[in-house]
Structure formats: C-alpha cells, structure tokens
Amino acid sequence: MAHEHGVIEALTMAEFSGKVVVVTGGGQGIGLATAESFAAAGATVIVWDRSEARGEPVRDQRRAAGSLERRQVDVSDLESVRRGADEVLEQHRKVDVLINNAGVNFGDQSAAEINDSTWEAILGTNLKGTVNTVRVLSPAMVRRKQGRIINTSSILARFPVPGLGAYAAAKAAVATMTRAWARELGPHGITVNAVAPGFINTPLNAGLPGELIQALLQRTPVGRPGKAADVANVHLFLASDAAGFINGAIVPVDGGLTL
Ligand SMILES: NC(=O)c1ccc[n+]([C@@H]2O[C@H](COP(=O)([O-])OP(=O)(O)OC[C@H]3O[C@@H](n4cnc5c(N)ncnc54)[C@H](O)[C@@H]3O)[C@@H](O)[C@H]2O)c1
C-alpha cells in the first residue's frame, strides 16, 4: 500500500544504527549539524576537522543515540587523510557514508589580485580535499560493494559572483567530480551525490556585509536564510536507504534563490 510504503521509507531514513559515517569539516556549521544528526539517528560518527576542538567537542552528545568522535585531520593533506582513514578502518572495519563537507572561502580572488597561496588553499581544501578522501576511503567501500558519498558544491558553482572565482571554480569541479564518480563507482554499489547550499547561516558567512545578506534574502522565495540543519537533513536523506536510486545529483539547498 502506498501509505504503508511511505511510512516504511520514513522510518528507514532515520535509521543509521550500525552505520559508520565520516563527516569532514564537522567542527562547526553545516558539518557539525550533520554529524549531530547522524549521531542522533544512531550512527557511529567520526568528524574530521583540521581545527582543534574548542571546548566541548560536540553539543547534545548526551541526546545522541549513536556516538560522535572528533579527529584532527586536514583533508587537503593526503597523509593526514591516510592516517585518519587507517584509524577508522582499524577501529570500525568499514565506512558506510562519507560526507565531504570541509570547505573554505576567503581572500581576494579577483582576476588580477588572486595570489598563489589563496588559490592553493581554496583548491586544496574544497577540491583536492574531496579527491583525497574519496581516493583513500572509496576502496574500502568498493570491497564491500556498498557506500554513500556526499560532496559539497555551492550555488556559486553555477552562478559565480565577482571576486570569488577560485571558490566557484573549485565547487564546479567538485560537482563534475561527483558526476564522474557517480558513473565510475555506481557499478560498485556506491552512490555519489552533492549538495549545493545557497545562503546558510554559519560561521563561514559571519563576515558578509549586511547589504549583501539583505539582497540575498530578498531574492530567496522562502524568505529566510538557510540553517545548517536544512543541509544536514538533505545529507541524512541522501545517505538513507530511501535515496538508493539517486546517483550523480547536485541537490540545491537554497530556498529557491537560484530560480
Ligand atoms: N554557509 C554557506 O552559505 C555555504 C554555501 C555554499 C556552500 N557551503 C559549503 O558548505 C560547507 C560547510 O560550510 P560552513 O558554512 O559550515 O563552513 P564553516 O566555515 O562554518 O565550517 C567549515 C569547517 O570545515 C573545517 N575545515 C576547513 N578546512 C579544512 C580542512 N582542510 N580539513 C578539515 N577541516 C577543514 C573548518 O575547521 C570548519 O570547522 C563548505 O564546503 C562550504 O564551502 C556553505
């Protein structure tokens, strides 16, 4: 029955007990909301963040049905990713879900002013960081013929704004890698998708000028900024059994801003 079927899917979606989930950049913002959501849904969550934990590493840990641990991993550094992966695989023997969320966006990226260190740092974390984790963790997924990889693009990949070209290019490349991996890894039982967040209220956006925020809000049909949880919910869905036939999608989470 259609009704029953819907209920079963909804329950399955919230059930991650026994699943091992790696969330990069889970120290704050979208990644933290995602890590907490998976833990609350029963998963064993390992956060990889390059920054050291500030104070209590995880909020609401007592409410979590699963568990949440944090390791210092810099995704732009292949050796750091390898060390993180060795530890996870030794301890848990598998990774079911990889959420590539770590990202940075800073500096003068304008045509004539961008410098090598800004370019390398932006490409290093957003693009190479995503390639590094997939490179290191996908073989374990392929061996089990099972896995979910969810990358992080941005609406700026399709609608770049002046002065943020490097970030837009990195996020466009992440979208293309997502589609390439979806074809390559699909036959091995792994789906690869990406979220493309719009304007989400997180520490990353704390420095945006008020006028820009107002302009973005005016163009957002749902009339509010996004919350980290809005993206975490999509991560949860894409990682769930209910989303098993979604592969190679770049899912906008922007309240309609790009319409
Ligand atoms: N907030 C938005 O409006 C928005 C919009 C589009 C896309 N995104 C993307 O969503 C993701 C999360 O954004 P957010 O707003 O939560 O950012 P954030 O700055 O609040 O958090 C990012 C986290 O990633 C970590 N990190 C950065 N570089 C890392 C590295 N090399 N290795 C490991 N960890 C690293 C940081 O320490 C931080 O904890 C990013 O990929 C970002 O580009 C955000």
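The lining of the largest pocket breaks down by class into 23 nonpolar, 20 polar and 6 charged residues. I start there since the rest of this talk is about space in the protein and what fills it. One caution before going on: this is a predicted model.

So, the pocket itself. Its volume is about 1200 Å³. The elements giving two or more residues to its lining are helix 2, strand 2 (44–49), helix 4 (116–144), helix 5 and helix 6 (210–218). In total 49 residues line this pocket, and those nearest its centre are Asn105, Tyr167, Thr202, Leu204 and Asn205.

Where does the ligand sit? It is in the largest pocket. The shell around the ligand has 30 residues, and the nearest of them are Asp49, Asn101, Tyr167, Thr202 and Asn205. Tyr167, Thr202 and Asn205 were also named a moment ago, as lying nearest the centre of the pocket.

By class, the shell around the ligand holds 11 nonpolar, 15 polar and 4 charged residues. Two helices each supply at least two residues of that shell: helix 2, running 29–40, and helix 5, running 165–185.

Now the polar side-chain contacts, with distances. Which side chain places an N or O atom 2.4 Å from an oxygen atom of the ligand? That is Thr202. For Tyr167, the distance from a side-chain N or O atom to a ligand oxygen is 2.6 Å. Lys171 has a polar side-chain atom 2.9 Å from an oxygen of the ligand. As for cover, the ligand on its own has 830 Å² of accessible area, and the protein covers 94% of that.

Next, the second largest pocket. The volume here is about 190 Å³. Its lining has 14 residues, with Lys19, Gln146, Arg148, Ala239 and Asp241 nearest the centre. Divided by class, the lining of this second pocket gives 3 nonpolar, 6 polar and 5 charged residues.

Last, closed space. Rolling a probe the size of a water molecule over the atoms shows where empty space is left. How many cavities of 30 Å³ or more are there? The count is 1. The largest cavity holds about 40 Å³ of space.

Its lining consists of Ile46, Glu69, Arg71, Gly84, Glu87, Val88, Gln91 and His92. Which element gives the largest share of that lining? Helix 3 does, with 5 residues. Strand 3, at 67–72, and helix 3, at 78–92, each contribute at least two residues to the lining of the largest cavity. The class split for this cavity is 2 nonpolar, 3 polar and 3 charged.

To go back over the main items: the ligand sits in the largest pocket, which has about 1200 Å³ of space. The side chains of Thr202, Tyr167 and Lys171 each have a polar atom at the stated distance from a ligand oxygen. The second largest pocket is about 190 Å³ in volume, and the largest cavity about 40 Å³. That is the end of my part.

Methods:
Residues numbered from 1 in each chain as written. Predicted model: local features only at pLDDT ≥ 70, side-chain atom pairs only at ≥ 80, totals over all residues. Heavy atoms only, no water. Near = heavy atom within 4 Å. Polar contact = N/O pair within 3.5 Å; in protein donor to acceptor, adjacent residues only side chain to side chain. Areas by Shrake-Rupley, 256 points an atom, 1.4 Å probe, with all protein chains shown as cover. 1 Å grid on protein atoms, 1.4 Å probe; cavity = no way out; pocket = protein on both sides within 12 Å on 5 of 7 lines; lining within 4 Å. Sits in = over half its atoms within 2 Å of the grid points. Helix = DSSP H or I, 4+ residues; strand = E, 2+ residues; numbered from the N terminus. Nonpolar A, V, L, I, M, F, W, Y, C, P; charged D, E, K, R; others polar. Points joined across faces, edges and corners; volume = space filled by probe spheres on them.
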